[in-house]
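Student: I would like to practise reading a protein structure step by step. Could we go through one together?

Tutor: Gladly! Have the picture open beside you as we talk.

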Amino acid sequence: MKTALSEQSATRFGRWVDDVLAAGRGRGLHAIVGAMTQREVSHYTGAAGVAPATAEIAVEDRLLVGRKADRHAREASALTPDERKRLPLALANERRSYFDRLEKKMIYVLPSLDADRPVKIAVQVDVSAGHPKRALNIARAGHKINVQALAARTRYEPIEEA
């Protein structure tokens, strides 16, 4: 299963991020940023009891510019534009994945340009096969975290790669 965007697609994603940030508001658009691995899909299916409809991971423009983005900026946990643009590379190469037992979401922890605080991406997994309005796994949160606080929360179950 292909889990990374091509270099050309990753470059397009970076331009899309620039366009969204320049517009300053979300319009409900999304862009593909990567995909879940076969191991992550299998783990999610076993833990949640239902298979994801797809493996792709998308980012909505509202995640980059919107209420959550504004809140993370106020809390000094927002991703920089460069960190947002490198999400495809980080998801393809440097991620640790977890299953959120409480919310039934996939959690990805990625390195950030701020070495002390990695990036947490929470992905709402689409399990509504055949529903045309929800056909992607959508990132619902993306911000910098304290990794010790994440590790202390028992609701996050690590997914080990085979």
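Student: In which helix is serine 42 found?

Tutor: Good place to begin, and please keep in mind that this is a predicted model. Look for the helix whose residues run 38-48, since serine 42 is found there. That element is helix 2.

Student: Is serine 42 buried, partly exposed or exposed?

Tutor: Buried means under 20% relative accessible area, and exposed means over 50%. The relative accessible area of serine 42 is 39%, so this residue is partly exposed.

Student: How far is serine 42 from histidine 30 in space?

Tutor: Along the chain the two residues are 12 residues apart. For the separation in space, go from one C-alpha atom to the other, and you get 25 Å.

Student: How are the rings of tyrosine 44 and phenylalanine 99 arranged?

Tutor: The structure has 2 aromatic pairs. In the pair of tyrosine 44 and phenylalanine 99, the ring centres are 5.5 Å apart and the planes meet at 75 degrees. Planes over 60 degrees apart count as edge-to-face. The angle here is 75 degrees, so the arrangement is edge-to-face.

Student: How many residues apart are tyrosine 44 and phenylalanine 99?

Tutor: This pair links distant parts of the chain. Both of its members, tyrosine 44 and phenylalanine 99, are buried. Tyrosine 44 belongs to helix 2 and phenylalanine 99 to strand 3 (residues 96-100), and the separation is 55 residues.

Student: Let us look at the strands now. How many residues of strand 2 are buried?

Tutor: Valine 59 is a helpful example, as it lies in strand 2. Its relative accessibility is 2%, so valine 59 counts as buried. Strand 2 is largely enclosed by the rest of the structure, because its buried residues number 4 of the 5.

Student: Which residue is the bridge partner of histidine 30 in strand 2?

Tutor: Strand 1 (residues 30-35) and strand 2 run antiparallel, and 5 bridges join them. Find histidine 30 and look across to strand 2. The partner there is glutamate 60.

Student: Do strand 2 and strand 6 run parallel or antiparallel?

Tutor: Between strand 2 (residues 56-60) and strand 6 there are 3 bridges. Alanine 58 has isoleucine 138 as its bridge partner in strand 6, and valine 59 has alanine 139. The direction of these two strands is parallel.

Student: Which residue of strand 6 stands opposite isoleucine 121?

Tutor: Strand 6 (residues 137-144) has 7 of its 8 residues buried, so it is largely enclosed by the rest of the structure. Strand 5 (residues 119-124) is joined to strand 6 by 6 bridges, and the two run antiparallel. Opposite isoleucine 121 you will find glycine 142.

Student: How much space lies in the largest cavity?

Tutor: Searching the whole structure gives 1 cavity of 30 Å³ or more. Among the residues that line the largest cavity are Ile121 and Gly142, together with others including Leu63 and Arg84. By class, the lining has 5 nonpolar, 1 polar and 1 charged residues. The space in the largest cavity is about 60 Å³.

Student: What is unusual about phi in alanine 76?

Tutor: Most residues other than glycine have a negative phi. Alanine 76 is found in the loop between helix 4 (67-74) and helix 5 (81-85). With a relative accessible area of 51%, alanine 76 is exposed. Although alanine 76 is not a glycine, its phi is positive, at about 60 degrees.

Student: What is the phi of lysine 104?

Tutor: Lysine 104 is found in the loop between strand 3 and strand 4 (105-110). Its relative accessible area is 35%, so lysine 104 is partly exposed. Phi in this residue is positive too, near 55 degrees.

Student: To finish, what is the radius of gyration of the chain?

Tutor: The chain has 7 helices and 7 strands. For 162 residues the globule rule gives 15 Å, and the chain's own value is close to that, so the chain is as compact as a globular protein of that length. The radius of gyration is 15 Å.

Methods
Residues numbered from 1 in each chain as written. Predicted model: local features only at pLDDT ≥ 70, side-chain atom pairs only at ≥ 80, totals over all residues. Heavy atoms only, no water. Buried < 20%, exposed > 50% of the residue type's maximum accessible area, 1.4 Å probe, protein only. Phe/Tyr/Trp six-rings, centres within 6.5 Å; stacked < 30°, edge-to-face > 60°. 1 Å grid on protein atoms, 1.4 Å probe; cavity = no way out; pocket = protein on both sides within 12 Å on 5 of 7 lines; lining within 4 Å. Points joined across faces, edges and corners; volume = space filled by probe spheres on them. Nonpolar A, V, L, I, M, F, W, Y, C, P; charged D, E, K, R; others polar. Pairing = 2+ DSSP bridges. Rg over C-alpha atoms; globule rule 2.2 N^0.38 Å.
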